[in-house]
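Q: Please take a close look at one part of the model shown below, and then work outward from it. A connected account with the cut-offs stated would be the most useful form.

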Amino acid sequence: MIQRTISQITKMIKVENDVSPFADTMINGVCIDTRKLQSGNLFIPFKGQNVDGHKYVEDAIKNGAAGSLWQKDVPNPPTHLPIILVENTEVALQELARNYRSELTIKIVGVTGSNGKTTTKDIITAMLSEKYVVQKTEGNYNNHLGLPITILSLNEETDVAVLEMGMSARGEIEFLTKMAKPDIAIITNIGEAHLQDLGSREGIAEAKLEITKGLSEDGLFIYIGDEPLLKEREHLYNNFRVKTFGKSKSNDVFPIYIEKKDHGSIFSVNIAPDKHLFLPVLGEYNVLNALAGIIAALELDLSLEEIESGLKSLKLSAMRMELHSGIKGTQVINDAYNASPTSMKAAIHMLENLDQDERKIVVLGDMLELGENEIQFHKEVGSILNPEKIHYVFTYGELGKYIAESASEQFPPTRVFHFSDKQELIQSLKSIIKGDEWILVKGSRGMKLEEVVKSLIEN
Ligand code: ATP
Ligand code: MG
């Protein structure tokens with residue numbers, strides 16, 4: 001994490017008051033939430049719509065913060081404390097991160113895309129950790145606040161940082177990438193998330209491509225070459241090196257062999273045809289995420305052996321395609337971390353194509369934040385469910401109802417169940433399980449479908 005004196009900090013951001021009495025005070029890291037405060041942190045309060053963080057400043061300092069920023073339009077800054085007055089605390093946080101980044105000599109890998117950012121970040125971190133000291137974005141700290149906080153958490157002795165960049169509107173990725181200045185920039189895929197704000201898939205592609213605007217001059221841009229919207233803009237990628245991955249043989253890196261296993265996939269790639277790599281997570285799209293990672297790892301001089309053993313040791317962040325042994329011999333796939341139309345369809349496709357003969361059950365909840373076409377998106381998910389491959393469809397939530405509604409057009413009524421009460425869903429689900437089924441549980445974060453998973457893996 002950032003370790004600078006207050007006097008050094010004043011050279012990184014524009015400070016509006018005299019801080020000379022505290023000039024030599026050392027800052028160790030930043031914190032925006034007093035519940036997570038660590039001794040020596042610089043506390044950064046935001047003037048939020050509901051809560052004004054400035055009312056926690058005195059507490060933060062009592063609890064060990066070395067100092068605090070203070071937005072100058074907030075009255076009565078405490079005069080006896082190490083207070084740094086700034087025009088706007090959010091802007092100051094971002095400015096501090098931008099300057100700290102430029103002082104760091106570590107390599108940065110930036111990952112964006114509609115789906116698979118966190119997974120790809122985890123895959124890359126697992127591989128690079130075989131050779132380097134690696135830090136990564138924790139959880140989903142991928143936006144205009146999460147990214148600067150992550151950058152300010154980087155240690156100067158770290159070799160590589162793998163940073164996730166998320167967005168919901170144009171300009172956001174440009175802002176983030178110019179702060180993170182990645183040496184390697186990755187676009188995992190272009191989906192349908194945030195169609196509402198960006199108008200079209202073209203709009204999404206252009207927004208993701210903003211990641212290249214912060215790429216260093218000799219940087220490497222890695223993208224999914226199977227995506228025509230990215231491929232057809234190839235002529236724009238002149239200012240940096242480019243490598244593509246994907247299923248198609250026209251990519252720089254593509255799989256030549258994929259074998260589905262109970263706990264993941266064995267695959268090999270064109271650039272190392274004799275190496276059989278094991279990826280311990282389900283889903284063919286995760287093989288693609290791994291390809292992006294392999295290109296990044298090779299760029300950072302990893303050997304194929306290091307890539308192989310890094311992949312093998314991969315543990316995904318919680319609730320992404322987590323496989324559990326459940327009650328009565330079931331296999332429960334916990335993908336309850338989040339859901340969008342693309343990721344929902346990918347996960348369903350993965351389940352449908354598992355080689356197992358056992359019955360398959362989906363438990364699907366609302367996909368939130370989809371804007372005005374939300375009902376349509378849910379109906380689409382229902383319509384892709386294949387009654388030949390999926391035995392039962394369970395849905396939950398106000399929008400989940402539309403998944404059930406459109407699934408009912410293909411499925412007999414005895415195989416589709418909608419619930420607005422989670423406990424009732426759990427009871428009903430448990431009552432139809434015979435044993436040996438594969439159960440996929442997926443929905444948006446807010447739906448907390450991990451509660452269903454928990455009930456299935458507890459005895
Ligand atoms: P968020 O925007 O919530 O941060 P993310 O981009 O970080 O999402 P992940 O958390 O890695 O995405 O994955 C979310 C889900 O998306 C996975 O559980 C999986 O179902 C699906 N997914 C992952 N990778 C891909 C991919 N390459 N293509 C399509 N779907 C994918
Ligand atoms: Mg994520």
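A: The part chosen is helix 14, in which G400, Y402, I403, A404, S406 and A407 are buried, where buried stands for a relative accessible area under 20%, exposed for over 50% and partly exposed for what lies in between, with a 1.4 Å probe and protein chains only. This is a predicted model, in which local features need pLDDT of at least 70 and side-chain atom pairs count only at pLDDT 80 or more, while totals for chains, interfaces and linings use all residues. Residues are numbered from 1 along each chain as its sequence is written, chains are lettered from A and ligands numbered from 1 in the order in which they are written, and side-chain values use heavy atoms, with hydrogens and water left out.

Helix 14 spans residues 400-407 and is mostly covered, since six of its eight residues are buried. Helices (H or I, at least four residues) and strands (E, at least two) are DSSP runs numbered from the N terminus. The buried residues of helix 14 pack against helix 12 (341-352), helix 13 (374-384), strand 18, strand 19 and strand 20, with contact taken as heavy atoms within 4.5 Å.

Helix 15 belongs to this picture too: its buried residues pack against strand 18 (360-365), strand 19 (392-396) and strand 20 (416-419), and also against helix 16 (450-457). Those buried residues, within the run 422-432, are K422, L425, I426, S428, L429 and I432. An α-helix has 3.6 residues a turn, so residues three or four places apart point the same way. At the start of helix 15, a side-chain oxygen of D421 comes to within 2.8 Å of the backbone nitrogen of Q423; a polar contact here is a pair of N or O atoms within 3.5 Å, of which, within protein, one must be able to donate a hydrogen and the other to accept it, and residues adjacent in sequence count only if both atoms are side-chain atoms.

The loops beside these elements hold two backbone features. Most residues other than glycine have a negative phi, and most peptide bonds are trans. E369, in the loop between strand 18 and helix 13, has a positive phi of about 60° although it is not a glycine, and E369 is exposed, with a relative accessible area of 70%. K448, in the loop between strand 21 (438-442) and helix 16, likewise has a positive phi, of about 50°, without being a glycine; K448 is partly exposed, at a relative accessible area of 42%.

Helix 12 leads to the annotated site. In an unreviewed UniProt entry, the annotation "binding site" covers G113, S114, N115, G116, K117, T118 and T119; UniProt positions are given in the numbering used here, feature names are shortened, and annotations may be inferred rather than shown by experiment. N115 lies in the loop between strand 7 and helix 4 and touches T188, N189, G191, S340, T342 and S343, not counting residues up to four places away in sequence. N115 is buried, with a relative accessible area of 15%. G113 is found in the loop between strand 7 (107-112) and helix 4 (117-128), is buried with a relative accessible area of 0%, and touches I187, T188, N189 and K208, again leaving out residues up to four places away in sequence.

Empty space completes the account. On a 1 Å grid over the protein atoms alone, a cavity is a set of points where a 1.4 Å probe fits but cannot get out, a pocket is an open set with protein on both sides within 12 Å along at least five of seven lines, and lining residues have an atom within 4 Å of a point. Grid points are joined across faces, edges and corners, and a volume is the space filled by probe spheres set on the points. A search of the whole structure finds one cavity of 30 Å³ or more; the largest cavity, of about 30 Å³, is lined by V269, K275, L277, I294, L304 and I307. Strand 15 (272-279) and helix 11 (304-312) are the elements that give two or more residues to that lining.

The second largest pocket encloses about 490 Å³, and among its 19 lining residues V30, K36, Y141, I149 and S153 are the closest to its centre. Strand 3 (30-31), strand 8 (134-136) and helix 5 (146-152) each supply at least two lining residues, and helix 5 gives the most, with three.
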